[in-house]
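Reader: I am new to this structure and would be grateful for a close look at one part of it. Could you take me through a single sheet, strand by strand, and then place it in its wider setting?

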Amino acid sequence: ISDQKPLGCWSVKHGQVLTCPVVCNFETHEYIAVHDDKVLRIWKNEDINLDKAFKATLSADVYRIHSLPSGGPLVLFKGGGVRTLDVLLEAPQQEIENVISGEVIRWSEAFMEGQQPVLIFATEKDGDFFIYVQKPKLSSLHKYKLKQESSKPLCFTAQLKNQTVTLLCLYSNYSVYKVLIPLQQGTEQEEEEQQQILSKSLLLNLSVSGSVLKGTSLVVLDKDHIAVLGSLAAPGKEHRECLTIWNTKFQTLQTSKQLPQGTSGQLWCYEEKFFLFHGKVLTVIMYKCETSSLAAAVGKLKDSQTPDMSSFVNWHTLEDEEVVSFQSQESVALKPESKMNLRSKGNSVAKVQPAASSVGQRLLNLKDAPTFIFENKLRRLLSKPPMPDLQAAIGCVVTAITDRCKTNPKYYPQSVLLQILRTRDLSYSLCPDLMAVALKKKDVNLLQICLQRFPDIPEEITYACLKTFLSVSETYLQRARVNLESVICYIDVESDNKEVKTEIVENGFSAEMDQDMCETKSPQESQCRSDGESCPVGPQKAALLNAILHSAYTERFLLPHLKNLPAQHAILFLKYLYYLYVKCSEKVNTTLPGIRSPTINQIMDWMCLLLDAHFTVMVMLPEAKELLSNLHKFVRAQVRFYSELNKIEGSLRELQRLNHLRDSQTYSIEVLEII
């Protein structure tokens, strides 16, 4: 999520519907899904087609699958029956008992008690609510009834600690109640056993300053804090959706944040992160709770409308819209200077206001100072040993610099930016406008470093860099300070900047051998290696293109941008990729020498991408015809060469075995006959 990179996408067939949330099996690293209520699908990350994944049709409708880190997945059926996934896969058509009669499951959750999984779920029937606690491996089932009230429970959440389930219920009277359910050690209760009535105690009233919170979802943060998502209703005012943090120990609202774009009503909490939908955006908010104290709670209660915002770090993901700067008070313990700026709509970044004593604040106070004063202070800071949370502060400073560059076109402290990039591990999301400013200035040196160091560059920016590198002239690049370490080992350059042709011959494979493998000897075909013998671009441009080849991308998002690449640029890039392909093939290990040199897989992937994006255009262009023909002939020659190697694979393995058996201390001549 922090890199905003989709890692996989799978689809069911038209007409099929996923009927419960997909989960991950922590033990096998597989995904588990159910579509059309009864069809179970299991697949791994490398699987592409969901229709070809493992399929099992079950005998009953599935309500939900719960995945436990150490207990394996549990499958809860709509009739209340529970099976572990392993038991279910042994006989997918096994009969599933109906535990409930005429009841509808409203909520469920799973826990681990020692080595035993525990499943708890709530059902409703004619306005009555029931709680079931199951231990599937022990065939233990206990049923309870919630005491009937005029108000009804809207949602549930639960925790398991010290053999007791703490069930929190959000009721329609805007209150949160607590129900304690001790885990019983007996087996399945008898049908005639008297049903136990669960009593509840008031935990929290969701009201403050005359307003009430109509909650739709709640999660437990720790023993003293809960988070509630809902709409705040005040007399005579419009309802406003918001996320709130409450201190249950002292009955106080710790902090709240309005969500003007609306939510889905769902709130998730996992590993100290909130997950919620804000409009069409998935928002992820990190938090860390401190120990609750009365002084802190009362101090913050005095001014609940303007709380002392201090330290939530917000990742805004999946869409380029406004970043929600959501920060809490006592309930969060992240240091103030650790706040990070992330990309937002129009590449604008929310302003971050660290504490006055923080390093970031001192630098931000100097951002409008004379250039030499600001740069001297920054260089002095960068020369010191790393300090805690300095990375986030430096991200804020880079954002301030780029903002100044956009308002003042004459201002561009290249040396400072390069020093920051070389000495600090930044990312695109920390300073999203940096590469946009560098593209506008055609600062190829800085762009090269960003491509090498940033793991989360969007495909749109990668394409913009590629287009810039291909469009700038060789004369301009000769004056730029480009790092040539990725090309210097296979492109030799004289003082007049003309490439010296070097030939690498390993294990008897050379250009002449490949030439001999061509079927015909016509003058045109005799040049099947001509385009691959000399580099079509200068060493500076080659080094920049190598940085593009190393950048991470998702084909689905890059391909639409590549289609906009001008035809002449696409041909030039393909010529360079063909040159690299030939160079790789000259070496027996298909590896180019040097630091950060592109791999054969990267070269092939980009060749396929480029041909997919521009195949029709290249077929129509006369200047591309010879290139495509030479590429086809070379690939055909490679296929033939490796096909010949495959024929003698068995003999080569036998030779390798004999070499291991041979005494290296004695001299001998052996003749091996290959039949």
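Author: In this predicted model, strand β5 and strand β6 (residues 72–77) are paired in the antiparallel sense over six bridges. Two of the facing positions may serve as landmarks. H66 has L74 of β6 opposite it, and S67 has P73 in β6 as its bridge partner. The connection between β5 and β6 is a hairpin with three residues.

On the other side of the pairing pattern, β6 is joined to β7 by three bridges, and these two strands also run antiparallel. Here V75 finds its bridge partner in R83 of β7. The hairpin of β6 and β7 has four residues between the strands, and within this hairpin G80 adopts a positive phi near 95 degrees.

Taken together, the three strands make an open sheet in the order β5-β6-β7, with antiparallel pairing. Strands β5 (62–68) and β7 (82–84) are the edges; each has a single partner strand, so one side of each is left without a neighbour in the sheet. On average, neighbouring strands of this sheet are turned by 20 degrees against each other, direction ignored. As for β6, six of its six residues are buried, and the strand is mostly covered. In general, strands of a sheet pair through backbone hydrogen bonds, either parallel or antiparallel.

A second open sheet offers a useful companion to this one. It consists of five strands in the order β17-β18-β19-β20-β21, and the pairing is antiparallel. Its edge strands are β17 (207–208) and β21 (252–258), each of which pairs on one side only. Within this sheet, strand β19 (residues 225–233) and strand β20 (residues 240–247) run antiparallel and are joined by eight bridges. One pair of facing residues is S231 and, in β20, E241.

The backbone of two loops between strands also deserves attention. As a rule, most residues other than glycine have a negative phi. Q163, however, has a positive phi near 65 degrees without being a glycine. Q163 is located in the loop between β12 (153–161) and β13 (164–171). With a relative accessible area of 38%, Q163 is partly exposed. E272 is likewise not a glycine, and its phi is positive, at about 60 degrees. The loop that holds E272 lies between β22 (263–269) and β23 (273–278). E272 is partly exposed, and its relative accessible area is 38%.

Helices pack against one another as well. Helix α7 (residues 434–441) and helix α8 (residues 444–453) meet at an angle of about 145 degrees, their axes being 9 Å apart. The crossing of α7 and α8 is left-handed. From α7, the residues L434, M435, A438 and L439 meet L446, L447, C450 and L451 of α8. Sorted by class, this contact of α7 with α8 comprises eight nonpolar residues, no polar residues and no charged residues.

Aromatic rings supply a further set of contacts, for a search of the whole structure finds 14 aromatic pairs. Y171 and Y177 form one that is edge-to-face, with 5.0 Å from centre to centre and 75 degrees between the planes. Y171 counts as buried at 2% relative accessibility, and Y177 counts as buried at 16%. The rings of Y576 and Y579 have their centres 6.3 Å apart and their planes at 25 degrees, so this pair is stacked. Both Y576 and Y579 belong to helix α15 (residues 567–586), where they are three residues apart, about one turn of the helix. Y576 is buried, with a relative accessible area of 0%, and Y579 also counts as buried, at 0% relative accessibility. In addition, W10, Y31 and W43 form one aromatic cluster.

Finally, the wider setting may be stated briefly. The protein contains 18 helices and 27 strands. Of its 675 residues, 48% count as buried. Among contacts in the protein with a separation of 6 or more, 57% are accounted for by residues 24 or more positions apart. To return to the part with which this account began, β6 pairs with β5 over six bridges and with β7 over three.

How values were computed:
Residues numbered from 1 in each chain as written. Predicted model: local features only at pLDDT ≥ 70, side-chain atom pairs only at ≥ 80, totals over all residues. Heavy atoms only, no water. Pairing = 2+ DSSP bridges. Axes fitted to C-alpha atoms, helices over the stretch in contact; angles between N-to-C directions. Left-handed = near helix turned anticlockwise from the far one by under 90°. Contact = heavy atoms within 4.5 Å. Nonpolar A, V, L, I, M, F, W, Y, C, P; charged D, E, K, R; others polar. Buried < 20%, exposed > 50% of the residue type's maximum accessible area, 1.4 Å probe, protein only. Phe/Tyr/Trp six-rings, centres within 6.5 Å; stacked < 30°, edge-to-face > 60°.
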